[in-house]
Amino acid sequence: MPNSLVIEKNDVMCYWVFDPQHFSAYPKCLNLEGKFPFRKEEGYTLSVNSKNLCDKYPLQIHNLGKPEERIRTTRSGENQIYEGFIGGKVEKIEDIGTQDQHYLKVKHDPLPTNDIHCNIILEFPGDKPIKQRRAWIRKELIACFGDETIKP
C-alpha cells in the first residue's frame, strides 16, 4: 500500500457527482443540498481525489472507477449515472471551521486501487458538532466546490 503524502494547500480535491442523486431534475443542474454527506461511520469523512497527485488530469480521475462503478443502483432500483466531478481548493476547504475548534482537514488516504484518494475529515477535539453546526460546515463546503461539473 502506498505511503500517505502531505497534501498541499494549492491542491484541488475532486468529488464525483452522479445523476440524479446530485442534480435537480428541471432544469438539470447540480444541487448538492442535503446530498453531500460525511460518512459518520468512518469518522465524518468525505471521499475525494487529489488533482495534484494525478499524472493525467482530468482523465486519471475519470478512469479510476471500473465501468460498473459509473452506474450505481439504489435500493429502490433507480440508476445513478456518473456525470463527472467538481473540484474544491484545499486552502478554502481547510479555512472552514468554528471558533470552538470544529474544522476540516484534507488527508491523503491512498487505496490499493487508487493512489490519489484523499479524505476530507471533520475534526473536533471534544464533543461532535451539533447537527446545525455540521449542516453549516457542509453548506460552506458545498460553496467551496461550486457548481461547475468537470465532464469525462
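Cysteine 14 is buried, with a relative accessibility of just 1%. In this predicted model, cysteine 118 is tucked away too: its relative accessibility is 0%, so cysteine 118 also counts as buried. Does either sulfur have a partner, and if not, why not? For cysteine 14, the closest cysteine sulfur belongs to cysteine 54, and the gap is 6.3 Å, so a bond is ruled out. A disulfide would need the two sulfur atoms within 2.5 Å. Cysteine 118 fails as well, because the closest cysteine sulfur, that of cysteine 14, sits 9.3 Å off, too far for a bond. The final tally is 0 disulfides.

Next comes the sheet. Six strands make up an open sheet, and reading across gives β5-β6-β1-β4-β8-β7, with antiparallel pairing. At the edges are β5 (71–73) and β7 (103–108), each of which pairs on one side only. Going from one strand to the next, the twist averages 45°. One helix, α3 (residues 131–145), packs on this sheet and touches β1, β4 (45–50), β6, β7 and β8 (117–123). The direction of α3 makes about 85° with that of β6.

Zooming in on one pair of strands, β1 (residues 12–19) and β6 (residues 79–89) run antiparallel and are joined by 8 bridges. Within this pairing, methionine 13 stands opposite glycine 88 of β6.

Methionine 13 turns up again in the nonpolar interior. The largest nonpolar core holds 26 residues, and Met13 is listed with Phe36, Ile93, Leu104, Ile120, Leu141 and Phe145 as having the most contacts inside it. Which elements give two or more residues to this core? They are β1, β4, α2 (90–94), β7, β8 and α3. Of these, α3 gives the most, with 5 residues.

Phenylalanine 36 offers a handy close-up of the packing. Leaving aside residues up to four places away in sequence, phenylalanine 36 touches Tyr15, Leu46, Ile86, Arg138, Leu141, Ile142 and Phe145. Another core lies apart from the largest one; this second group has 9 residues, including Trp16, Phe18, Cys54 and Ile61. Cys54 is a familiar name by now, since its sulfur is the closest cysteine sulfur to that of cysteine 14, at 6.3 Å.

Terms used. Residues are numbered from 1 along each chain as its sequence is written. This is a predicted model: local features need pLDDT of at least 70, side-chain atom pairs count only at pLDDT 80 or more; totals for chains, interfaces and linings use all residues. Side-chain values use heavy atoms; hydrogens and water are left out. Two strands pair if DSSP finds at least two bridges between them. Helices (H or I, at least four residues) and strands (E, at least two) are DSSP runs, numbered from the N terminus. Axes are lines fitted to C-alpha atoms, for helices over the stretch in contact, and angles run from 0 to 180 degrees between N-to-C directions. Contact means heavy atoms within 4.5 Å. A nonpolar core is a set of buried Ala, Val, Leu, Ile, Met, Phe, Trp, Tyr and Cys residues joined through side-chain atoms within 4.5 Å. Buried means under 20% relative accessible area, exposed over 50%, partly exposed in between (1.4 Å probe, protein chains only).
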